[in-house]
Amino acid sequence: MIGRIVLGPGIVSSRVLAPFVLAPCVLAALTSIPAVSLAQDVPGIEICTAEKAMERRTSCLQSNIDFLQRTINKLSADHQQKIDAAKAQIEALKTTVISLQKIVNDLQASQKKPAEDVNKAPPAAKETPQARDALQTKDAPASKEGTK
């Protein structure tokens, strides 16, 4: 069976159909295999004690130092942005609290006003000694006339 492909039970293909059947299979196999990656220097901490030559060990240590400095600078910038955002939020909350305190003070003042008005009755409604005397003098002549 050289040159023939078995497609299924009882189905045999000729050499002409072979590229059409094998091409998708080969293409699928090639896409699933990752391409050969080039060697890259991935930034990170390296173990420098494995290096025998002093200049390579020094270079390795310097690479570690550079990586750590970049990492520290990046993290400090990120944290500074977070701190600035938190400060802005705190300021917004402070202004909200101030406005709410003003509203509460206004409401408390408006509640005290009616309470003071109720406690302060008009002077005509209160009985003062002069008001009692005036009432007695008005009533006295009428009572004298009623007794005669």
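**Exercise 1.** Determine which backbone atom lies 2.9 Å from a polar atom of the side chain of Asn 64.

*Solution.* The atom is the backbone nitrogen of Glu 46. For reference, a polar contact is a pair of N or O atoms within 3.5 Å; within protein, one must be able to donate a hydrogen and the other to accept it, and residues adjacent in sequence count only if both atoms are side-chain atoms. The model is predicted: local features need pLDDT of at least 70, side-chain atom pairs count only at pLDDT 80 or more, and totals for chains, interfaces and linings use all residues. Residues are numbered from 1 along each chain as its sequence is written, and side-chain values use heavy atoms, with hydrogens and water left out.

**Exercise 2.** Describe the surroundings of Asn 64, and state whether Asn 64 is buried or exposed.

*Solution.* Begin with the location: Asn 64 belongs to helix H2, where helices are DSSP runs (H or I, at least four residues) numbered from the N terminus. Next, take the accessibility. Asn 64 is buried because its relative accessible area is 9%; buried means under 20%, exposed over 50%, and partly exposed in between (1.4 Å probe, protein chains only). Then list the contacts (heavy atoms within 4.5 Å). Not counting residues up to four places away in sequence, Asn 64 touches Gly 44, Ile 45, Glu 46 and Cys 48. Finally, Asn 64 and Ile 45 stand 19 residues apart in sequence, with a C-alpha to C-alpha distance of 5.3 Å.

**Exercise 3.** State where Ile 45 is placed, and whether Ile 45 is buried or exposed.

*Solution.* Ile 45 sits in the loop between helix H1 (18-32) and helix H2 (54-119). Its relative accessibility is 54%, and therefore Ile 45 counts as exposed.

**Exercise 4.** Identify the disulfide that involves Cys 48.

*Solution.* A disulfide is a pair of cysteine sulfur atoms within 2.5 Å. Cys 48 is joined to Cys 60, S to S 2.1 Å. This pair links distant parts of the chain, twelve residues apart: Cys 48 in the loop between H1 and H2, Cys 60 in helix H2. Both Cys 48 and Cys 60 are buried.

Terms used. Helices (H or I, at least four residues) and strands (E, at least two) are DSSP runs, numbered from the N terminus.
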